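User: I would like a close look at one part of this model, namely the charged pairs and how they sit relative to the nonpolar interior. Please take the pairs one at a time.

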Amino acid sequence: MTSPDSGVPRLVIAAPSSGSGKTTVATGLMAALAGRGLAVSPHKVGPDYIDPGYHALATGRVGRNLDAYLCGPELVGPLFLHGARGCDIAVVEGVMGLYDGAAGEGELASTAQVAKLLRAPVVLVVDASSQSRSVAALVHGFVSWDPEVRIGGVILNKVASDRHEVLLREAVDSVGVPVLGVLRRAPQVDVPARHLGLVPVAERGSEAVDAVAAMGAQVAAGCDLEALVGLARAAGPLPGGSAPWTPGPVPTHHPTRWDKGSPQRVAVAGGPAFTFSYAEHSELLAAAGAEVVTFDPLRDEQLPEGTTGLVIGGGFPEVYAAELSANEPLRKSVAELALSGAPVAAECAGLLYLCRELDGLPMCGVLDASARMSERLTLGYRDAVAVSDSALAGAGTRMRGHEFHRTVVEPGAGAAPAWGMRAPERRVEGFVERGVHASYLHTHWAAEPGVARRFVERCRTS
C-alpha cells in the first residue's frame, strides 16, 4: 500500500468523445482490480452523480467527484487524496472528450486538466467500431495536442473481429502508443439510459450488480491488467504541498441514536428517487456537529425522529412522482418541518418535491410553485451569487454550481430568490422562504465549507 504523501498509483480513463465506452472500461477496470484483492479508490471527473454509483458497486468504496469548476483546481489533489486514503490504486473516469471542459473556459474542468493536476497517466478508450487505419491519426492527434498530458496507452473498444483487431493494432503501433486492451461488443455490459443519462444503481438492484460483474469480467479478459497497474505506479508525485482534504474535526461525542440532548439531527433524502449527493456533504455536516440520518421518501412515512434539519438532493422525482405523491404522511411531515422554520436545503429534485405539484400530482406544497417535465434540457456550469440570506449562505456569497434537468418550475423564483446567475445569462432563480433554500443549482460544499457549518448552526437555533 502506498502512503498519500508518496502518491497513490493512479490512472485516468479518458476518450476522444462521449459514448466511447469510458464508463464501461473504468467501472470494469475497478471491478477487475478489486477482484484481485486491491483496494481501489474510484473517482469521476466532473459533476456527474450517476457514474460514481457504479464505481461504488465495483469497488465497495464511495465514488467521489473531482470537479475543477465547482471546487477549483486547487482542491482537485486534496479531494483525490481524501478519497484515496489507504488505497492501493485509484482509477479516475473522465468526462466527455479528453480535452472538453467548461464552455468558453479553455481546459477548465476537462479530463486533461484533472490528469495534469494529478500528474496521472491517461488511458485513451477508442470506439473502433467504424474505423481501422484511421485510428492512428486519431490517437496521434490526442497524444500530440497537449504535451503535458501523458497518454500511456490505448484500449480499443467495440472491435468487430480478429482481423479488425490486427488492423487496429498495426495502426496504433505506428504511433508508438501501446495497446493495453481490446474489447469486443458485449451487450451484457450495456447500461440502460433515459432523459438524463444512465439509470442509477439504486434503481436497478441486482441488474446493476450483474452489469458491473460483466464489465469486470470483460476488462479482465480483454485488458493487460499488469501493464495497467504498472502504468498507474509510474504516475508522477503529486504537486508539492498536497495534503488530503478534510471536512474538519468530527465531534468526539456522537450519539448512536437521537436523544433530546442532541438537537441537530439532519435528515438526508435517499432511496431510488434521490440518488444525487456528494459524499463530502454528509462528511461536512457531521464535522459541523450534526448526526446525519438517511431516509427514503418512497418508503418512510415520517421524517426520522428528532429531525431539525433536512437536505433533499438531486435525483429523479419525475420518475417516481406517483409514489412520492401517494406517500401523503411524509409529504405532510416535510411541510410541517419547513413551516416550523427549520433549515431545509433542496437541490433540483428536492426543489421539485417541495413544490405544490409535479406533473399534476400533489407534492409537499412547501413552495407556491408547480413543476412539470419539459422537452428542453437545461445543462451547464453556472457562476452564481446568493441573493438572499438563507440557511446555506449569506447574501453576496459566491458559489459555482451545475444545472442538469428536463423539468420547469413556475414561477422560477420566489419573492426572495436563492441565486443570481452571472453566466451564461443573468437571471435570478430559486426560493428562500423561512428556513428553506430551494434551487435547481447543484453545488459542491467542499468549495465553501461554511455552508455546512451555517446549516448546522441554524439547526441549533431555529
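With which residue does glutamate 410 form a salt bridge, and how far apart are the closest N and O atoms?

Analyst: In this predicted model, the partner of glutamate 410 is arginine 372, and the closest N and O atoms of the salt bridge are 3.1 Å apart. Glutamate 410 belongs to strand S17 (residues 398-410) and arginine 372 to strand S16 (residues 370-386), and the pair thereby links distant parts of the chain, 38 residues apart. Glutamate 410 is partly exposed, with a relative accessible area of 39%, and arginine 372 is likewise partly exposed, at 36%.

A further pair involves the loop between S16 and S17, where aspartate 389 lies. The side chain of aspartate 389 meets that of arginine 454 in a salt bridge with an N to O distance of 4.0 Å. Because arginine 454 is part of helix H14 (residues 450-461), while aspartate 389 is in that loop, the pair ties together parts that are 65 residues apart in sequence. Aspartate 389 is exposed, with a relative accessible area of 52%, whereas arginine 454 is partly exposed, with a value of 26%.

The next pair has a buried member. Aspartate 146 and lysine 116 meet through their side chains in a salt bridge of 2.8 Å, N to O. Aspartate 146 sits in the loop between helix H5 (134-145) and strand S6 (151-159), and lysine 116 in helix H4 (residues 111-118), so this pair ties together parts that are 30 residues apart in sequence. With a relative accessible area of 13%, aspartate 146 is buried, because the cut-off for that class is under 20%.

Beyond single pairs, Asp162, Glu165, Arg169 and Arg184 are linked in a network of salt bridges, and the count for the model comes to 22 salt bridges. Arg169 also leads to the nonpolar interior, since it is among the residues that leucine 156 touches. Leaving aside residues up to four places away in sequence, the contacts of leucine 156 also include Val126, Val135, Leu168, Val172 and Val179, together with Gly181, Val182 and Leu183.

Leu156 is in turn one of the residues that touch the most other members of the largest nonpolar core, a group that also includes Leu29, Phe80, Leu98, Leu118, Leu285 and Phe455, within a core of 111 residues. Helix H1 (residues 22-35) supplies the largest share of this core, seven residues. Apart from this core lies another one, of 38 residues, with Leu337, Val366, Leu367 and Val409 among them.

Technical notes
Residues are numbered from 1 along each chain as its sequence is written. This is a predicted model: local features need pLDDT of at least 70, side-chain atom pairs count only at pLDDT 80 or more; totals for chains, interfaces and linings use all residues. Side-chain values use heavy atoms; hydrogens and water are left out. A nonpolar core is a set of buried Ala, Val, Leu, Ile, Met, Phe, Trp, Tyr and Cys residues joined through side-chain atoms within 4.5 Å. Buried means under 20% relative accessible area, exposed over 50%, partly exposed in between (1.4 Å probe, protein chains only). Helices (H or I, at least four residues) and strands (E, at least two) are DSSP runs, numbered from the N terminus. Contact means heavy atoms within 4.5 Å.
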